[in-house]
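Hello,

Here is the structure I promised to pass on to you. Have a look at it first, and then read on for what I found in it.

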Amino acid sequence: MEVIIHALVLAFGLILPLGVQNVFIFNQGLSQRKFLHAMPAVITAGVSDTLLIGAAVGGMSLILIQWPMITTGLYGVGSLFLLYMAWGLWKSSATPDEAPIAMSAGRQIAYAASVSLLNPHALLDTVAVIGTSSLQYEGVARFYFAITTTAVSWVWFLGLAGAGRLVGSRDHTGRVRYVLGRVSALIMVGLALWMLLKLLQP
């Protein structure tokens, strides 16, 4: 029971902050006409987190500890990646008077995979924090730890998409969609700048 509580607290602590992945999933629930239409984004994010957690618990965190230059490289490439995505999102944000164009299933999958697997902030949080925390457990206990943290991700993404659909069904003016699109872009810029600062620190 202790390992499950530890995993729940840790997983929610990592996934609750407003980040690129969370905002994207919420936006898909908000912009799609039906909840099920946002499932490609939800499933892709869930599968991505499952793979990252599996790799973290499997020992990838030890690689990052032994080779700090990998972390430095991830921050450098990731900051540029986020700035590029922020610029594209800012330009494509619909004005309040325009209906947003819902992403196709293919674009949802590609975008969700990119913000999940190519976002070094999320990647390092998952691999480093969850991976390092799992080292204190062995055998079945480590398996329960991995399953619990993975389950939190899936439940959270389903809830985010559902919340987005609820808001979207009541947003007849388009103002919420417009604001969230701009907020998403600003969050990406903020994360990119934070990663650049990490690179400059001795």
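A good place to begin is with how far the contacts reach along the sequence: among contacts in the protein chain between residues at least 6 apart in sequence, 88% join residues at least 24 apart. Please keep in mind as you read that this is a predicted model. The secondary structure of the protein chain comes to eight helices and zero strands, so that its pattern along the sequence reads α-α-α-α-α-α-α-α. The chain has 202 residues, and 45% of them count as buried.

**How the helices pack**

Two packed helices are described by the angle between their axes and the distance between the axes. I have three pairs to show you.

Let me start with helix 1, which covers residues 2-15, and its packing on helix 7. Their axes are 8 Å apart, at an angle of about 40 degrees. Because that angle falls between the roughly parallel and roughly perpendicular ranges, helix 1 is oblique to helix 7. The crossing of helix 1 past helix 7 is right-handed. On the helix 1 side, the contact is made by Val 3, Ile 4, His 6, Ala 7, Leu 8, Leu 10, Ala 11, Phe 12 and Ile 15. Helix 7 brings Ala 141, Tyr 144, Phe 145, Thr 148, Thr 149, Val 152, Ser 153, Trp 156 and Phe 157. Sorted by type, the residues of this contact between helix 1 and helix 7 are 14 nonpolar, four polar and no charged.

Next comes helix 2 (residues 20-31), which packs with helix 8 (residues 175-200) at an angle of about 165 degrees, the axes being 10 Å apart. An angle over 145 degrees counts as roughly antiparallel, which means that helix 2 is roughly antiparallel to helix 8. Helix 2 passes helix 8 in a left-handed crossing. From helix 2, the residues that take part are Val 20, Val 23, Phe 26, Asn 27, Leu 30 and Ser 31. They meet Val 176, Arg 177, Leu 180, Ser 184, Ile 187, Met 188 and Leu 191 in helix 8. In this contact of helix 2 with helix 8 there are nine nonpolar residues, three polar and one charged.

Helix 2 has another partner in helix 5 (residues 105-117): their axes come within 9 Å and cross at roughly 160 degrees. Here too, helix 2 is roughly antiparallel to its partner, helix 5. The crossing of helix 2 past helix 5 is left-handed. Val 20, Gln 21, Phe 24 and Gln 28 are the helix 2 residues in this contact, and they meet Gln 108, Tyr 111, Ala 112, Val 115 and Ser 116 in helix 5. The contact of helix 2 with helix 5 divides into five nonpolar, four polar and no charged residues.

**Some residues to look at**

Which residues does Arg 165 touch, leaving aside its neighbours within four places in sequence? They are Gly 29, Leu 30, Gln 32, Arg 33, Lys 34 and Phe 35. Arg 165 sits in helix 7, residues 139-170, and counts as buried because its relative accessibility is 16%. A polar atom of the Arg 165 side chain lies 2.9 Å from the backbone oxygen of Gly 29. The side chain of Arg 165 also reaches the backbone oxygen of Leu 30, at 3.3 Å.

Thr 148 is in helix 7 as well, and is buried with a relative accessible area of 12%. Beyond its neighbours within four places in sequence, Thr 148 is in contact with Ile 4, Ala 7 and Leu 8.

Is Ala 45 buried or exposed? Ala 45 has a relative accessible area of 0%, so this residue is buried. Ala 45 belongs to helix 3 (residues 39-66). Apart from its neighbours within four places in sequence, Ala 45 is in contact with Gln 21, Ile 25, Ala 112, Ser 116 and Phe 157. Ala 45 and Leu 117 are 72 residues apart along the chain, and their C-alpha atoms are separated by 8.9 Å.

Last on my list is Trp 194, in helix 8. Trp 194 is partly exposed, with a relative accessible area of 35%. From C-alpha to C-alpha, Trp 194 and Tyr 75 are 9.3 Å apart in space, while 119 residues separate them in sequence.

Happy exploring, and best wishes!

Methods. Residues are numbered from 1 along each chain as its sequence is written. This is a predicted model: local features need pLDDT of at least 70, side-chain atom pairs count only at pLDDT 80 or more; totals for chains, interfaces and linings use all residues. Side-chain values use heavy atoms; hydrogens and water are left out. Axes are lines fitted to C-alpha atoms, for helices over the stretch in contact, and angles run from 0 to 180 degrees between N-to-C directions. Helices (H or I, at least four residues) and strands (E, at least two) are DSSP runs, numbered from the N terminus. Angles under 35 degrees count as roughly parallel, over 145 as roughly antiparallel, 65 to 115 as roughly perpendicular and the rest as oblique. A crossing is left-handed if the near helix is turned anticlockwise from the far one by less than a right angle, and right-handed if clockwise. Contact means heavy atoms within 4.5 Å. Ala, Val, Leu, Ile, Met, Phe, Trp, Tyr, Cys and Pro count as nonpolar, Asp, Glu, Lys and Arg as charged, and the others, Gly among them, as polar. Buried means under 20% relative accessible area, exposed over 50%, partly exposed in between (1.4 Å probe, protein chains only). A polar contact is a pair of N or O atoms within 3.5 Å; within protein, one must be able to donate a hydrogen and the other to accept it, and residues adjacent in sequence count only if both atoms are side-chain atoms.
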